[in-house]
Amino acid sequence: RSVGPLSLKLNTERLALAPLAKIQASLSSIYAKSIPPQLQQMALQSLLQRQLPALVAAGPKVQLEELLLGQGKDQLTAAFNLQIAPSRASVPDLISFLRGVEVDASAKAPAAVVQLLAAWRAVQVPDGTPEMVLKDWVNNGWLVAGSNRYRSALRLADTRLTINGNEAPAW
């Protein structure tokens, strides 16, 4: 089944393309090889440790102003804004790094799309069913159910994560 049309408005500022290209090329190489997932994860971590400083040094901003997929009652909509404070690359640990990261994201999707995602996720969960996965997402506050649609909103600022208006436990 095909889905469309797709409308996308993406803006970037101060995005370092050279380290981004290195990450993309390395990712292709990492996942093309038949190596165990644990080694893939280690390779990915090493790659990010090498490339992240150059990628974020200028304080990049990436904004998905609008994503529209489909039409009418079957339309999926999403938006996000990611901004990293300049010089976050030199901070000593993840929490210090996250103090300079701001993310705002939101999405709305028809129930049929969310049910497909839950079915895909259920395959990865032992003894999981799409219904269990969907119920878990709603009960844990990741999704808010509406009339034949689901929505979600996330905000990360100064290491505080808020999901659908509820602050997540500190990490």
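## A guided tour of the predicted model

Ala 145 belongs to strand 5, which covers residues 144-145. The structure on display is a predicted model, and this residue serves as the starting point of the tour. With Ala 145 selected, note that its relative accessible area is 49%, so the residue counts as partly exposed. Next, add Leu 134 to the selection: 11 residues separate Ala 145 and Leu 134 along the chain, and their C-alpha atoms lie 9.9 Å apart.

**The whole chain**

Now zoom out to the full protein. Its secondary structure consists of 5 helices and 8 strands. Followed from the N terminus, the order of the elements is β-α-α-β-β-α-β-α-α-β-β-β-β. The C-alpha trace extends about 45 × 35 × 35 Å along its principal axes. Of the 171 residues, 23% count as buried. The accessible surface amounts to about 11500 Å², and carbon and sulfur atoms account for 58% of this surface. Among contacts between residues at least 6 apart in sequence, 57% link residues at least 24 apart.

**Helix 2**

Select residues 37-56, which form helix 2. This helix contains 20 residues and reaches 27 Å from its first C-alpha to its last, close to the 28 Å expected at 1.5 Å a residue. Center the view on Arg 50, where helix 2 bends by about 35 degrees. A proline, Pro 53, follows within four residues of that point.

Then display the side chains of Gln 40, Leu 47, Gln 51, Leu 55 and Val 56, which are buried in helix 2. The buried residues of this helix pack against helix 1, strand 3 (76-84) and helix 3.

Is Gln 40 buried or exposed? Its relative accessibility is 16%, and a residue is buried under 20%, so Gln 40 counts as buried. To see its surroundings, select Ile 30, Tyr 31, Lys 33 and Ile 35, which Gln 40 touches when residues up to four places away in sequence are set aside.

**The nonpolar cores**

The next selection is the largest nonpolar core, which has 14 residues. Those with the most contacts inside this core are Val 56, Ile 84, Phe 97, Leu 98, Val 101, Leu 156 and Leu 161. Two or more residues each come from helix 1 (17-32), helix 2, helix 3 (94-98), strand 4 (101-110) and strand 7 (160-163). Helix 2 supplies the largest share of the core, 3 residues.

Stay with Val 101 and show its contacts. Leaving out residues up to four places away in sequence, Val 101 touches Leu 82, Gln 83, Ile 84, Leu 156, Ala 157 and Asp 158. Apart from the largest core lies another core, of 9 residues, which includes Ala 111, Ala 118, Val 133 and Leu 134.

**The paired strands**

Turn now to strand 4 and its partners. Strand 3 and strand 4 are antiparallel and pair over 8 bridges. To locate this pairing, select Ala 78, whose bridge partner in strand 4 is Ala 107. Strand 4 is also joined to strand 6 (residues 149-157) by 9 bridges, again in the antiparallel sense. Here the pair to select is Ser 106 and Ala 153, the latter standing opposite in strand 6.

Continue from strand 6 to strand 7. These strands run antiparallel and are joined by 4 bridges, with Arg 155 having Thr 162 of strand 7 as its bridge partner. Their hairpin has 2 residues between the strands, and in it Asp 158 takes a positive phi near 50 degrees.

Rotate strand 7 to compare its faces. Leu 161 and Ile 163 make up the covered face, whereas Arg 160 and Thr 162 make up the uncovered one. Strand 7 in turn pairs with strand 8 (residues 166-167) over 2 bridges in the antiparallel sense, and Ile 163 stands opposite Asn 166 of strand 8. The hairpin of strand 7 and strand 8 likewise has 2 residues between the strands, with Asn 164 at a positive phi near 50 degrees.

**Final stop: helix 4**

Finally, select Leu 116 in helix 4, which spans residues 111-123. What is the relative accessibility of Leu 116? The value is 61%, and therefore Leu 116 counts as exposed. Add Pro 130 to close the tour: Leu 116 and Pro 130 are 14 residues apart along the chain, and 8.1 Å separates their C-alpha atoms.

Terms used
Residues are numbered from 1 along each chain as its sequence is written. This is a predicted model: local features need pLDDT of at least 70, side-chain atom pairs count only at pLDDT 80 or more; totals for chains, interfaces and linings use all residues. Side-chain values use heavy atoms; hydrogens and water are left out. Buried means under 20% relative accessible area, exposed over 50%, partly exposed in between (1.4 Å probe, protein chains only). Contact means heavy atoms within 4.5 Å. A nonpolar core is a set of buried Ala, Val, Leu, Ile, Met, Phe, Trp, Tyr and Cys residues joined through side-chain atoms within 4.5 Å. The expected span of a helix is 1.5 Å times one less than its number of residues. The bend at a residue is the angle between axes fitted to the seven residues ending there and the seven starting there. Two strands pair if DSSP finds at least two bridges between them. Accessible areas come from the Shrake-Rupley method with a 1.4 Å probe; for residues, only the protein chains shown count as cover.
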